[in-house]
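Thanks for coming. I will go through one structure today, salt bridges to begin with and then the sheet, a helix and a surface patch. Please have the sequence and the model on your screens.

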Amino acid sequence: MLNNPWLTRWLPLIQERAGTSPVLEIGCGHGDDTATLAGQGLDVIPFHLSRASVAAARLRVPAARIECRDIRDPFPEAAQGL
């Protein structure tokens, strides 16, 4: 079940535009949207600056490739060319 009205509104467009490509999630926080996106079958590449947030997101969505990184650094390798 989707718990974020903003994401619920945009999910059809995200799914359409992503197709089989991964979705880059910048600032994933504790993984709320990561869980929703992954739960809808999307390949999510989430990252966040806070190690605590990344740890919480990894517990919430263990199958996701969540990284701790700064937005000023290059995007994760899996997201290169998106």
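Aspartate 32 is partly exposed, because its relative accessibility is 38% and that class sits between buried, under 20% relative accessible area, and exposed, over 50%, using a 1.4 Å probe and protein chains only. This is a predicted model, in which local features need pLDDT of at least 70 and side-chain atom pairs count only at pLDDT 80 or more, while totals for chains, interfaces and linings use all residues. Residues are numbered from 1 along each chain as its sequence is written, and side-chain values use heavy atoms, with hydrogens and water left out.

Which residue does the side chain of aspartate 32 meet in a salt bridge? The partner is arginine 60, at 2.1 Å from N to O. A salt bridge here is a side-chain nitrogen of Lys or Arg within 4 Å of a carboxyl oxygen of Asp or Glu. Aspartate 32 belongs to helix H2 and arginine 60 to helix H3, so this pair links distant parts of the chain, 28 residues apart. Arginine 60 is partly exposed as well, at 41% relative accessible area. On the naming, helices (H or I, at least four residues) and strands (E, at least two) are DSSP runs, numbered from the N terminus.

By this rule there are four salt bridges in the count. Another of them joins aspartate 43 and arginine 65, whose closest N and O atoms are 2.9 Å apart. Aspartate 43 sits in the loop between H2 and S2, and arginine 65 in the loop between H3 and S3, so the bridge ties together parts 22 residues apart in sequence. Both ends are partly exposed: aspartate 43 has a relative accessible area of 34%, and arginine 65 has 39%.

Aspartate 70 and arginine 72 also meet in a salt bridge, at 2.5 Å from N to O. Is each end buried or exposed? Aspartate 70 is buried, at 14% relative accessible area, whereas arginine 72 is exposed, at 72%.

Now the sheet. It is open, has three strands in the order S1-S2-S3, and its pairing is parallel; two strands pair if DSSP finds at least two bridges between them. S1 and S3 are at the edges with a single partner strand each, so each has one side without a neighbour in the sheet.

Strand S1 covers residues 23-26, and its side chains alternate. Val23 and Glu25 point to one face and are buried, while Leu24 and Ile26 point to the other and are not. S1 runs parallel to S2, residues 44-48, and four bridges join the two. One residue to look at is glutamate 25, whose bridge partner in S2 is proline 46.

Next, helix H3, residues 51-60. Its buried residues include Ser53, Val54 and Ala57. Viewed down the axis of H3, the buried residues fall within an arc of 100°, so they line one face of the helix; the arc is that of the directions from the helix axis to the C-beta atoms. The face turned away from that buried side carries Arg51, Ala52 and Leu59, which are exposed.

Last, isoleucine 71. This residue is found in the segment after strand S3, residues 67-68, and counts as partly exposed because its relative accessibility is 48%. Ile71 forms a nonpolar surface patch with Ile26 and Phe75, about 270 Å² of accessible area together. Patch members have over 30% relative accessible area and no salt bridge; like charges are joined within 9 Å, and nonpolar side chains (Val, Leu, Ile, Met, Phe, Trp, Tyr) within 5 Å. Accessible areas come from the Shrake-Rupley method with a 1.4 Å probe, and for residues only the protein chains shown count as cover.
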